[in-house]
Amino acid sequence: LKILLVEDDPLLGDGIRAGLTLSAFAVDWVRNGELALHALTDTPYDACILDLGLPGKDGLAVLRELRRAGRATPVLVLTARDTQDDKIAGLDSGADDYLTKPFDLDELLARLRALIRRACGVVSPVIEHGDITLDPVSRQVSRGGEAVSLSGREYALLLDFLTHPKHIRTRGQLEESLYAWGEEVGSNTVEVYIHHLRKKLGADVVRTLRGRGYQLGDART
Amino acid sequence: MSGPARADRRRSLRWRLIAAVSAAVLLIWLLTGWLSYSMARHEAEELLDGSLAQTGHLLLAIIEDDEDELVGLASRLARARRADDNVYEPPLEFQVGRGDGTVLARSLDAPELPILGVVGYSDIVRHAESWRVLNLVAEDGRHRVQVSQPMSLRDRAALEVAGQTVLPLLVIVPLLVLLIYFSIRRALLPLDRLASEVAARTPENLAPLSGREIPTEARPLVASLNRLFARVGAALENERRFTADAAHELRTPLAALKVQSEVALLSRDAPMREKALHQIESGVDRAGHLLEQLLRLARLDPVQRLEKPVPVGLNAMIHQVVGMVEGAHPGAQRRFDLALPADEVTVRGDPELLRVALRNLVDNAVRYSRPADTVRIALTTRGDDVAVTVHDSGPGVPGEVLGKLGQRFYRGRDHSVEGSGLGLAIVTRIAELHGARLGLANHPDGGFVARIEGLRAVPPGRLKR
């Protein structure tokens with residue numbers, strides 16, 4: 001799943017990116033409002049973490065422009081200002097959630113998962129598809145009650161399919177979801193990961209639609 | 001009553017007014033009493049002297065006619081005793097005799113005096129009682145009459161008159177004092193209301209005191225209070241904004257430290273953990289720097305003027321500061337171009353603060369310029385005026401940002417450059433303390449210029465002392 005991080009502080013940005021990457025998110029990081037708007041318009045991010053105190057165009061302006069352009073990308077606002085008015089202004093400008101600095105990385109991750117879950121219309125925190133279950137908190141996957149061990153990228157790929165159950169995902173879309181900017185993408189890595197998923201969870205977990213892409217397989221009980 | 005309460009009363013306007021007015025009323029009362037006593041006494045003297053004279057002449061006239069009737073007259077008069085309760089009907093005491101001093105008749109209680117005394121009134125003390133005595137002689141000198149009255153009679157009369165004037169006041173004076181007390185209380189009520197209004201003021205509510213009810217006498221005080229409220233309010237507002245900004249600026253590095261340490265704990269591979277630890281280290285440095293700047297500003301804020309300005313040589317200090325900045329940015333590749341007068345320029349000031357100010361300016365010039373850029377530092381004098389100019393050949397700042405530079409926590413240029421946003425605010429404050437000001441501008445030929453101007457030169461002659 002792909003996240004856009006908008007944060008001007010180098011140290012904090014670096015830390016959040018590292019933390020999210022550890023949790024199998026692909027993170028693009030921009031440091032000012034203009035770049036954030038461009039990125040959000042060009043790429044379908046699963047969520048955006050937006051700092052309000054940005055140089056140039058500030059976070060609230062970015063948020064308002066994004067919503068005016070009709071983009072529904074879930075946005076979690078980060079800010080050092082903690083007064084009631086600031087929170088209200090943030091939420092009213094179109095933020096979906098709000099975190100005050102300093103915060104727990106765990107809390108940031110939990111809120112991010114909740115945001116993405118809500119955006120996909122999923123209610124339960126544990127995602128179930130037939131006999132496949134995925135717990136985003138413990139990042140445990142099982143099929144038919146038996147735990148399956150997945151690598152980070154394999155997990156991220158399965159999560160992408162499960163959060164887009166009806167979608168046909170092209171190879172490009174999947175690559176974008178798995179990799180942040182500047183990360184080396186091998187020529188056939190997506191195929192390799194799909195191969196691994198099929199080996200660990202059964203061949204029917206992902207369906208190949210020749211010439212169009214991939215889709216989550218039918219639920220099996 | 002305890003000591004402090006008594007001291008409080010002494011200082012209370014109300015008590016002082018009540019005491020002063022009551023004392024004045026009492027004094028006037030006593031004065032009135034004394035005056036009416038002495039006036040009444042004078043009147044009584046004249047009145048009683050008159051009756052004494054009348055009696056004397058009457059007796060003299062009677063003796064003239066018939067000396068033999070005198071004994072019978074004396075006994076009849078002795079029976080017609082006076083009325084005790086009327087001062088103005090005094091007992092008649094007399095002695096009647098011949099011109100040679102033989103007494104022919106006398107009243108029972110008359111003082112035993114020779115009747116050969118000087119003609120006219122005299123005051124005489126006889127057996128511990130004082131008497132008013134009148135001696136008269138007949139025209140032919142054959143008979144003498146002596147009439148007398150006890151002196152105490154006059155005192156009684158005077159006291160009675162004075163008492164009638166003063167005694168009603170005994171009831172009126174307490175009433176008057178009570179009335180004074182209540183009217184003073186009432187008159188001072190606006191002051192009480194004012195006091196409770198002032199007491200209601202808190203740091204959150206420093207609204208100016210107003211109202212038509214403020215007594216004229218208290219207006220200057222209220223005006224001063226209102227000015228004080230305004231100043232305190234402004235200072236508090238400043239403080240509040242500063243605290244909010246400081247909280248804001250401290251939270252971001254704290255958040256970064258927290259996230260980086262969580263990453264260090266979570267990551268399983270060594271390079272990632274090491275990187276996070278390095279980030280934590282530089283984050284701590286940054287937070288330390290920020291804190292130092294904050295404390296410096298907090299210390300400078302309440303200072304009104306320099307404690308002990310001393311002569312400070314600027315040429316040497318600039319060389320020293322450039323060395324410090326170069327050391328702090330190894331590999332920065334900036335060229336320093338110093339334009340300093342040949343003679344040492346000395347100004348009056350605080351060497352530590354001036355060094356901080358110069359360092360901040362030179363440091364900014366290095367941070368916000370590019371490799372191979374030049375930082376030009378010029379020291380110029382015009383008369384007593386000394387100016388230090390730091391001009392970098394970097395990209396300068398956008399016009400709309402220029403006005404906000406120097407505001408606390410405002411970080412105008414590139415945010416990726418580390419900084420607290422306090423450096424220029426500190427320089428501005430230090431310049432103010434030296435009676436100078438900080439000017440910031442883009443140079444017409446490119447680059448950014450920061451200039452401290454208005455430092456006071458110390459004439460070389462004064463240095464020798």
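This talk walks through some local features of a predicted model.

Let's start with chain A as a whole. Its secondary structure comes to eight helices and 11 strands. Chain A has 221 residues, and 52% of them count as buried. Its accessible surface is about 9,900 Å². Carbon and sulfur atoms hold 48% of that surface.

How do the contacts in chain A spread along the sequence? Take the contacts with a separation of 6 or more. Of these, 57% join residues 24 or more positions apart.

Now zoom in on one residue, A:Ser93. Look for A:Ser93 in the loop between helix 4 (84–92) and strand 5 (97–100) of chain A. Is A:Ser93 buried or exposed? A:Ser93 has 9% relative accessibility, so A:Ser93 counts as buried; the cut-off for buried is under 20%. Which residues touch A:Ser93, once neighbours within four places in sequence are set aside? They are A:Leu60, A:Leu63, A:Arg64 and A:Arg67.

Next, charges and rings in chain A. There are two cases to look at. In one, A:Arg31 lies over the face of A:Trp29, and the distance to the ring centre is 4.2 Å. In the other, A:Arg139 places its charged end over the ring of A:Tyr155. Here the distance to the centre is 5.3 Å.

On to empty space. The second largest pocket holds about 600 Å³. Its lining counts 29 residues. Closest to its centre are A:Thr21, A:Leu22, A:Ser23, A:Ala24 and A:Phe25. Which elements of chain A supply at least two residues each to this lining? Helix 1 (10–22) and strand 2 (26–30) do, along with helix 5 (105–119), helix 6 (152–163) and helix 7 (171–178). Strand 2 gives the most, with four residues.

How about cavities? The count comes to five cavities of 30 Å³ or more. The largest cavity has about 150 Å³ of space. It is lined by 13 residues, and the closest to its centre are A:Leu1, A:Arg113, A:Ile116, A:Pro136 and A:Leu159. Two elements of chain A give two or more residues to this lining: helix 5 and helix 6. You have met both already. Helix 5 and helix 6 also help line the second largest pocket.

Now for aromatic pairs. Over all chains, the count is two. For one of them, go to B:Trp15 and B:Tyr181. Their ring centres are 6.4 Å apart. Why is this pair called tilted? The planes stand at 50°, so the pair is tilted; stacked needs under 30 degrees and edge-to-face needs over 60.

This pair links distant parts of the chain. B:Trp15 belongs to helix 2 (residues 13–65) of chain B, and B:Tyr181 to helix 4 (residues 152–187). That puts them 166 residues apart. How covered are the two partners? B:Trp15 has a relative accessible area of 32%, so B:Trp15 is partly exposed. B:Tyr181 comes out at 23%, and B:Tyr181 is partly exposed too.

B:Tyr181 also pairs with B:Phe182. These ring centres are 5.3 Å apart with planes at 75°, so this pair is edge-to-face. Put the pieces together: B:Trp15, B:Tyr181 and B:Phe182 form one aromatic cluster.

Stay in chain B and turn to helix 11. It runs over residues 423–433 and is mostly covered. How many of its 11 residues are buried? Nine are. Among them are B:Leu424, B:Ile426, B:Val427 and B:Ile430. B:Arg429 is on the buried list as well. What covers these residues? The cover includes helix 7 (270–300) and helix 9 (351–367) of chain B. It also includes strand 11 (437–442) and strand 12 (448–456). After helix 11 comes B:Gly435, with a positive phi near 70°.

One last stop: B:Leu254. You will find B:Leu254 in helix 6 (residues 219–266) of chain B. Its relative accessibility is 47%, so B:Leu254 counts as partly exposed. Compare its place with that of B:Val284. In sequence, B:Leu254 and B:Val284 are 30 residues apart. In space, their C-alpha atoms are 8.7 Å apart.

Notes:
Residues numbered from 1 in each chain as written. Chains lettered and ligands numbered in written order. Predicted model: local features only at pLDDT ≥ 70, side-chain atom pairs only at ≥ 80, totals over all residues. Heavy atoms only, no water. Buried < 20%, exposed > 50% of the residue type's maximum accessible area, 1.4 Å probe, protein only. Contact = heavy atoms within 4.5 Å. Areas by Shrake-Rupley, 256 points an atom, 1.4 Å probe, with all protein chains shown as cover. Phe/Tyr/Trp six-rings, centres within 6.5 Å; stacked < 30°, edge-to-face > 60°. Lys NZ or Arg CZ within 6 Å of the ring centre and 35° of its normal. 1 Å grid on protein atoms, 1.4 Å probe; cavity = no way out; pocket = protein on both sides within 12 Å on 5 of 7 lines; lining within 4 Å. Points joined across faces, edges and corners; volume = space filled by probe spheres on them.
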